[in-house]
Amino acid sequence: MSASAAGWNPMRWDCAARGCYNVFARPKIERFAEYLPGNRGMMDIDATVDVKGNFLFIEWKHPNAPPMKDGQRIYYENLTGLSERIVAIEVIGDARTMEVKKLRVVHNGVFGAWEETDFPGLCARIDNWGEKMDRAPRHVQKAAAL
């Protein structure tokens, strides 16, 4: 893989040499469920970035996968409803090939309409968001301690 294809933060896991990443390196977040109230479980977020205190989340779904479950949908509605500075994009596509079929944006607690797109279209949306956030003043908010 070339440096440009790997990006700034390439995955440094060699599945051929070390086995399946999900088995050996992914935290077993389901083990925390008994410590959370109600019928809740931790979320596995596919990608996220912070640009000057503005957050973008990407949730990737395979075209043959079932739709986003209610818990995940509610999570993204609640998360993006916390602040105008939090945006999520749900992507339908093949993560192995990075082929994108469609996306929808979640902002201010509301899922937008599905938009047919491709990988360059997704990249353009990310680029547009990144440029806009990079021009915005830095936002720093103190989080409550655990």
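Arg73 is partly exposed in this predicted model, with a relative accessibility of 28%. Two acidic side chains meet the side chain of Arg73. One belongs to Asp70, and that salt bridge has an N to O distance of 3.6 Å. The other belongs to Glu77, where the N to O distance is 3.1 Å. Helix H4, residues 70–81, holds both Asp70 and Arg73. Three residues lie from one to the other, about one turn of the helix. Glu77 and Arg73 are four residues apart in helix H4, so about one helical turn separates this pair as well.

Accessibility differs along this group. Asp70 reaches 52% relative accessibility and therefore counts as exposed, the cut-off being over 50%. Glu77 has a value of 23% and is partly exposed.

A further salt bridge links the side chains of Glu99 and Lys101, at 3.1 Å from N to O. Both ends are partly exposed. Glu99 has a relative accessibility of 40%. For Lys101 the value is 39%. In helix H4, by contrast, salt bridges with shared partners join Asp70, Arg73 and Glu77 into one network. Over the whole structure, the search finds seven salt bridges.

Arg104 makes a polar contact. Its location is strand E4, residues 99–107. Arg104 is buried, because its relative accessible area of 17% falls under the 20% cut-off. The side chain of Arg104 makes a polar contact with the side chain of Glu90, at 2.7 Å. Outside its neighbours within four places in sequence, Arg104 is in contact with two stretches of residues. Ala88, Ile89 and Glu90 are among the residues in contact with Arg104. Phe111, Gly112, Ala113 and Trp114 are also among them. Glu90 thus appears both in the contact list and as the polar partner of Arg104.

Strand pairing was examined next. Strand E3 spans residues 86–94 and pairs with E2 in the parallel sense, over seven bridges. Within this pairing, Phe57 stands opposite Ala88 in E3. Ala88 is also one of the residues in contact with Arg104. E2 has a second partner, E1. These two strands run antiparallel and are joined by five bridges. E2 itself covers residues 54–61. Val49 has Leu56 in E2 as its bridge partner. Val51 is paired in the same manner with Asn54 of E2.

E1 and E2 form a hairpin with two residues between the strands. Lys52 takes a positive phi near 55° in this hairpin. E2 is mostly covered, as seven of its eight residues are buried. In a regular strand, side chains alternate between the two faces of the sheet.

Asn54 also takes part in a long-range approach along the chain. Its C-alpha atom is separated by 9.1 Å from that of Ala136. Along the chain, these two residues are 82 residues apart. Ala136 is found in the segment after helix H5, which spans residues 119–135. At 18% relative accessibility, Ala136 counts as buried, because the cut-off is under 20%.

A nonpolar patch was found on the surface. Phe32, Tyr35 and Met42 form this patch. Together, the three residues have about 360 Å² of accessible area. Tyr35 lies in the loop between helix H3 and strand E1. Helix H3 covers residues 21–24, and strand E1 covers residues 47–51. Tyr35 is exposed, since its relative accessible area of 61% is over the 50% cut-off. The loop that holds Tyr35 is thus followed by strand E1, which is joined to E2 by five bridges.

Key. Residues are numbered from 1 along each chain as its sequence is written. This is a predicted model: local features need pLDDT of at least 70, side-chain atom pairs count only at pLDDT 80 or more; totals for chains, interfaces and linings use all residues. Side-chain values use heavy atoms; hydrogens and water are left out. Patches are made of residues with over 30% relative accessible area and no salt bridge: like charges are joined within 9 Å, nonpolar side chains (Val, Leu, Ile, Met, Phe, Trp, Tyr) within 5 Å. Accessible areas come from the Shrake-Rupley method with a 1.4 Å probe; for residues, only the protein chains shown count as cover. A salt bridge is a side-chain nitrogen of Lys or Arg within 4 Å of a carboxyl oxygen of Asp or Glu. Buried means under 20% relative accessible area, exposed over 50%, partly exposed in between (1.4 Å probe, protein chains only). Two strands pair if DSSP finds at least two bridges between them. A polar contact is a pair of N or O atoms within 3.5 Å; within protein, one must be able to donate a hydrogen and the other to accept it, and residues adjacent in sequence count only if both atoms are side-chain atoms. Contact means heavy atoms within 4.5 Å.
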